[in-house]
Amino acid sequence: MTVQQTEQELREDLAAAYRLIAHFDMTDMVYTHLSVRLPGEGHRYLVNPYGLLFEEITASSLVIVDADGIPQQKTSWNINPAGFVIHSAIHANRPDAACVMHTHTIAGMVIAAQDKGILPLNQINIEFYGAVAFHAYEGIAADDNLSERERLVRDLGTRNAIILQNHGLLTVGSTVAQAFYRMYYMEQACKIQIAAQSTGVPLHIPSEEKMLRAKNQFDTDPDQGQMIWKALRRKLDREQPDYKN
């Protein structure tokens, strides 16, 4: 993270992200995770308590876990260690991936069921041109399948977004804000693609030159979702201020 945040600041950011994932209808009931690395030595992360809906999560309800998903604080809630397998592998091998977000949305799972991933059909989609990794489906992620964790990390490489084929979407960021920005627009790109494909008419793909120009414009934008994140936090402060509790 470019600016070191305190644990409380990270708790509030992550709780806000859970509420926003619920607000934008990107949840799978109590499943999937958003996680963030805590400052300091060792592997310590904040993750959701298993069983709470994302709309119920607050800063204080988030649980500190180690790299194996084992709680490192007293909690009355269970943790789903198997669900944290994907996150722990990425956190441990990508120092820049302070935050990891994983979703099972209808749009994301539809695109994850296609062979060609996100197509450059729109300006939003072009932001992900050549920037999305793929990981082949190997069944439900489990903590006893260490070799899959190695393949997942290998497949992600240095990219910040990955399609888990026949599964869902995943993004990483140096901050919660950055990871959320990438997840929100990756989800939008999937929705745009499905809508365009549903028309049944031939789809137009811009020239390589135009796509690379637009992609470079996205990549060199210094904001990287910070302005949007501040606006969304203000929205939550007005409408769901209890997320900070």
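**Exercise 1. How many cavities of 30 Å³ or more does the count come to?** Then describe the lining of the largest cavity in this predicted model.

*Solution.*
Step 1: count. The count comes to one cavity of 30 Å³ or more. Of the 14 residues that line the largest cavity, the closest to its centre are I86, H135, A141, E148 and H167.

Step 2: volume. The largest cavity has a volume of about 110 Å³.

Step 3: elements. α2 (85-93) and α5 (146-156) each supply at least two residues of this lining. The most comes from α5, with three residues.

Step 4: chemistry. Sorted by class, the lining of the largest cavity holds seven nonpolar, four polar and three charged residues.

**Exercise 2. Characterise the largest pocket by volume, centre and residue class.**

*Solution.*
Step 1: volume. The largest pocket takes up about 360 Å³. Its lining has 18 residues, and the closest to the pocket centre are G83, H104, I140, A141 and H167.

Step 2: chemistry. The lining of the largest pocket splits into eight nonpolar, nine polar and one charged.

Step 3: cross-check with Exercise 1. A141 and H167 are among the residues closest to the centre of the largest pocket. A141 and H167 are also listed among the closest to the centre of the largest cavity.

**Exercise 3. Which helix gives the most to the lining of the second largest pocket?** Set the answer beside the volume and the classes.

*Solution.*
Step 1: volume. The second largest pocket contains about 220 Å³ of space.

Step 2: lining. The residues are E127, F128, A131, R159, N160, A161, Y181, R182, K215, F218, D219 and Q224.

Step 3: elements. Two helices, α6 (176-198) and α7 (208-219), each supply at least two lining residues. α7 gives the most, with three residues.

Step 4: chemistry. The classes here are five nonpolar, two polar and five charged. For the largest pocket, the corresponding split is eight nonpolar, nine polar and one charged.

**Exercise 4. Is helix α1 mostly covered or uncovered?** Check its span, then find what packs against it.

*Solution.*
Step 1: span. α1 runs over residues 7-23 and has 17 residues. From first C-alpha to last it reaches 24 Å, close to the 24 Å expected at 1.5 Å a residue.

Step 2: burial. Buried means under 20% relative accessible area. By that cut-off, α1 is mostly covered, with twelve of its 17 residues buried.

Step 3: names. The buried residues include charged ones: R11, E12, D13 and R19. L10, L14, L20 and I21 are also among the buried residues.

Step 4: cover. The elements over the buried residues of α1 include β1 (34-37), β2 (45-47), β3 (63-65) and β4 (99-103). α6 and α8 (226-239) are also included.

Step 5: the end. Just after α1, D25 has a positive phi of about 55°.

**Exercise 5. Place strand β7 in its sheet.** Which strands pair with β7, and how are its faces covered?

*Solution.*
Step 1: burial. β7 spans residues 168-173, and six of its six residues are buried.

Step 2: faces. One side carries G168, L170 and V172, and the other carries L169, T171 and G173. Both faces are covered.

Step 3: first partner. β4 pairs with β7 in the antiparallel sense over five bridges. M101 has T171 of β7 as its bridge partner.

Step 4: second partner. β6 (residues 161-164) also pairs with β7 in the antiparallel sense, over four bridges. Here I162 is bridged to L170 of β7.

Step 5: turn. β6 and β7 form a hairpin with three residues between them. In that turn, N166 has a positive phi of about 60°.

Technical notes: Residues numbered from 1 in each chain as written. Predicted model: local features only at pLDDT ≥ 70, side-chain atom pairs only at ≥ 80, totals over all residues. Heavy atoms only, no water. 1 Å grid on protein atoms, 1.4 Å probe; cavity = no way out; pocket = protein on both sides within 12 Å on 5 of 7 lines; lining within 4 Å. Points joined across faces, edges and corners; volume = space filled by probe spheres on them. Expected span 1.5 Å × (residues − 1). Buried < 20%, exposed > 50% of the residue type's maximum accessible area, 1.4 Å probe, protein only. Contact = heavy atoms within 4.5 Å. Pairing = 2+ DSSP bridges.
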